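Reader: I should like to go through the terms applied to this model and ask what each of them rests on. Please set each value against its criterion.

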Amino acid sequence: MSVRREIPAYDGLYFITFTCCHWLKLFEITNGYDIVYNWFDHLNSKGHFINGYVIMPNHVHALIAFRNTQGQSINSIIGTGKRFMAYELVNRLEEQGNQELLNQLASLVNTTDRRRGKLHEVFEPSFDWKECMDNKFTEQKLNYIHNNPCRGEWNLAKNPEEYMHSSARYYATGEQGIYEVMSYALLADIDLTKAL
C-alpha cells in the first residue's frame, strides 16, 4: 500500500517502510543511522512506541504503534520525519564535501518542487505501510524486518541478531540493541493516560 492512500488518523500498529531516493545508500555514506534514532526519540516523546526496526544502508523498516495522534494523519507524521532526516543527511553530505552526490540529489528534484524551493530529493516521495491487525501478521513483518540484513545482496550479518541497527537482538534474546524497543506484545497492557 502506498502513501498516496491516506492512513486514517487513529491509533494502531503499523509496518512502515521508506527508502532513500534511487536506493542510494545515504545512511551508510553519511553514517546517518543516528538520524533515524533521533526520529524514533521524537516519536517516543509524542507518545508513540517503536516496536521493531531495521535501518539498512538505503531504507528503513519499522514497526510503530501510533498513539494519541490527535487528528494528525500518520502520513503527516512520517512526512515530517522524512523531511527533517533529509535536512540532516544533506548537512552531512555538505560536511563531507560530497558535491557529486549533492548534485545528483539536486538533479532528482522535479520542476514543481524546485519552484517551491526544494533543493534535494533525498527520499522516494512515497512510503509503504500496512496496519498490523493481529499477532500472526505482526510476527511475519518482524521476521521480514529482522532477516533483511541477511538476505540477497546485503549479507550485512550472518544472523539477524548480529546486525547492530536492528531490534532483532531484543526479540531473539531479550537484550536491547542500540535503540531500546518495546515488544508489541506489551501494547495491550499500556495505560495510555499514564504513558503520556
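**Terms and their grounds**

Author: Cys21 is a suitable start: its relative accessible area is 4%, and Cys21 is buried. The model discussed here is a predicted one.

Reader: What makes Cys21 buried?

Author: Buried means under 20% relative accessible area. Cys21 has 4%, so the term applies.

Reader: Is Cys132 buried or exposed?

Author: Cys132 has a relative accessible area of 9%. That value is under 20%, and therefore Cys132 is buried.

Reader: Why is Cys21 not bonded to the closest cysteine sulfur?

Author: The closest cysteine sulfur belongs to Cys20, and the sulfur of Cys21 is 8.7 Å from it. A disulfide requires sulfur atoms within 2.5 Å, so this pair is too far for a bond. By this rule, the count of disulfides comes to zero.

Reader: Where is Val122 placed, and what makes Val122 buried?

Author: Val122 is in the loop between α5 (111–115) and β4 (128–131). Its relative accessibility is 3%, which is under 20%, so Val122 counts as buried.

Reader: Which residues does Val122 touch?

Author: Leaving aside residues up to four places away in sequence, Val122 touches Cys20, Cys21, Leu26, Ala86, Leu89, Val90 and Leu105. A touch here means heavy atoms within 4.5 Å. As for Leu89, it is 33 residues from Val122 in sequence, and the two C-alpha atoms are 8.0 Å apart in space.

Reader: Why is Gly79 called partly exposed?

Author: The relative accessibility of Gly79 is 30%. Partly exposed lies between the limit of 20% for buried and that of 50% for exposed, so the value of Gly79 falls in this class. Gly79 is found in helix α3 (residues 74–96). In sequence, Gly79 and Ser126 are 47 residues apart, while their C-alpha atoms are 8.9 Å apart in space.

Reader: What makes Asn155 exposed?

Author: Exposed means over 50% relative accessible area. Asn155 has 58%, and therefore counts as exposed. The residue is in the loop between α6 (135–147) and α7 (168–173).

Reader: What is the phi of Asn155, and what is that of Trp23?

Author: Asn155 has a positive phi of about 45°, although it is not a glycine. Trp23, also a residue other than glycine, has a positive phi near 60°. Trp23 lies in the loop between β1 (12–19) and α1 (26–30).

Reader: Turning to the chain, how many helices and strands are there, and in what pattern do they follow along the sequence?

Author: The chain has eight helices and four strands. Along the sequence they follow the pattern β-α-α-β-β-α-α-α-β-α-α-α.

Reader: Why is the chain called as compact as a globular protein of its length?

Author: The radius of gyration is 17 Å, and the globule rule gives 16 Å for 196 residues. The two values are close, so the chain is as compact as a globular protein of that length. Along the principal axes, the C-alpha atoms fill a box of roughly 50 × 40 × 25 Å.

Reader: What share of the residues counts as buried, and what share of the contacts joins residues at least 24 apart?

Author: Of the 196 residues, 47% count as buried. Among contacts between residues at least 6 apart in sequence, 70% join residues at least 24 apart.

Conventions:
Residues numbered from 1 in each chain as written. Predicted model: local features only at pLDDT ≥ 70, side-chain atom pairs only at ≥ 80, totals over all residues. Heavy atoms only, no water. Helix = DSSP H or I, 4+ residues; strand = E, 2+ residues; numbered from the N terminus. Rg over C-alpha atoms; globule rule 2.2 N^0.38 Å. Buried < 20%, exposed > 50% of the residue type's maximum accessible area, 1.4 Å probe, protein only.
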